[in-house]
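Dear colleague,

Please find below the structure that I am handing over to you. A short account of the findings follows it.

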Amino acid sequence: LNVTFNSSGHLLTSEVDGSIQIRNFLHGTPQIRLALPEDLAIGGRDLSPYGGDYSFGGAGAVLLDDCNFHESADLKDFDTDRTIVLTPPEGEFALMNYRSANDFNPPFKVTTLIDETSPFKVSVTLKIKADFPAKHTCTGLVIKFPVPKVCLGANPTLEPNLLPGTQHAAGNPAEGEG
C-alpha cells in the first residue's frame, strides 16, 4: 500500500502493490487449480464472461491496473472462468503480482502542523491515526518525510505515552528524510 498525502492531510495518490504468495510443501508434482473472483477486471478491460462493465467500477468488482503470473501458471482458461492451473515448484514463490490505483480509503489519516520558530528552525508535527478496527494490526509501516538536503539535523520523537517496543521513530537527514 503506497499512499501520498498533501500538507493538509488530503489524499493525493493511493496504490496497492500486492502478490499472491504460494508456499508449496507437497511431494511430487501435483496439478493445482486456483479460482480467482469472476468479477476480476485487469487493465480497465471487461474480461468478465458475464458481460459486466467493470471499467466504471461496477459494484463489488475487483479492479487491477496490471498483473503478471509465475511461469508455472497455465492461463488458457483464465479469460473465461478466472481459473489458473499450475504445477507449483517446491518452496515459496509469487504466483501473481498485481497493482491497483483505484480509489479507496486508506487505513491511515495523516495531519501535519508546521511551526517556523525562527528563520533557521522549523518544527513539524506529524500525526498518523489508524482508521481501522482495533482487532486488526499493522506491521512494517514506513513513513517517509522528505526534508531539504541542506537540513543539518532532525530529531524524530514519539508521544511519551506510547508503549515501548511497539512503535519507533527514526530519521536520516543525510538521505533527505527526517
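I begin with a single pair of residues: Cys67 has Tyr98, in strand E9, as its bridge partner. Please keep in mind throughout that this is a predicted model.

**The sheet of four strands**

The two strands around that pair are E6 and E9, where E9 covers residues 91–100. They pair in the antiparallel sense, over 4 bridges. As general background, the strands of a sheet pair through backbone hydrogen bonds, in either a parallel or an antiparallel manner. E6 and E9 belong to an open sheet of 4 strands, whose order is E1-E2-E9-E6 and whose pairing is antiparallel. Which strands form its edges? They are E1 and E6 (66–69), each of which pairs on one side only. On average, neighbouring strands of this sheet are turned by 20 degrees against each other, with direction ignored.

**The sheet of three strands**

A further open sheet has 3 strands in the order E3-E8-E7, again with antiparallel pairing. Strand E3 (32–35) and strand E7 (73–74) each have a single partner strand, so one side of each is left without a neighbour in the sheet. E3 and E8 run antiparallel and are joined by 4 bridges. Within E8, Leu86 is the residue that stands opposite Ile32.

**The nonpolar core**

Leu86 also appears in the largest nonpolar core, which has 11 residues. Among the other members are Leu36, Leu64, Ala73, Phe78 and Phe93. Strand E4 (40–42), strand E8 (83–86) and E9 are the elements that give two or more residues to this core. Which of the elements gives the most? It is E9, with 3 residues. E9 therefore deserves your attention twice, as a member of the four-stranded sheet and as a contributor to this core.

**The second largest pocket**

Rolling a probe the size of a water molecule over the atoms shows where empty space is left. The second largest pocket holds about 670 Å³ of space. How many residues line this pocket? There are 24, and those nearest its centre are Val3, Phe5, Val142, Ile143 and Lys144. By class, the lining has 16 nonpolar, 7 polar and 1 charged residues. Strand E1 (2–5), strand E10 (108–118) and strand E11 (121–130) each supply at least two residues of the lining. E1 thus links two parts of this account, being an edge strand of the four-stranded sheet and a supplier of residues to the pocket lining.

Yours sincerely

Key: Residues are numbered from 1 along each chain as its sequence is written. This is a predicted model: local features need pLDDT of at least 70, side-chain atom pairs count only at pLDDT 80 or more; totals for chains, interfaces and linings use all residues. Side-chain values use heavy atoms; hydrogens and water are left out. On a 1 Å grid over the protein atoms alone, a cavity is a set of points where a 1.4 Å probe fits but cannot get out, and a pocket is an open set with protein on both sides within 12 Å along at least five of seven lines; lining residues have an atom within 4 Å of a point. Grid points are joined across faces, edges and corners, and a volume is the space filled by probe spheres set on the points. Ala, Val, Leu, Ile, Met, Phe, Trp, Tyr, Cys and Pro count as nonpolar, Asp, Glu, Lys and Arg as charged, and the others, Gly among them, as polar. Two strands pair if DSSP finds at least two bridges between them. Axes are lines fitted to C-alpha atoms, for helices over the stretch in contact, and angles run from 0 to 180 degrees between N-to-C directions. A nonpolar core is a set of buried Ala, Val, Leu, Ile, Met, Phe, Trp, Tyr and Cys residues joined through side-chain atoms within 4.5 Å. Buried means under 20% relative accessible area, exposed over 50%, partly exposed in between (1.4 Å probe, protein chains only).
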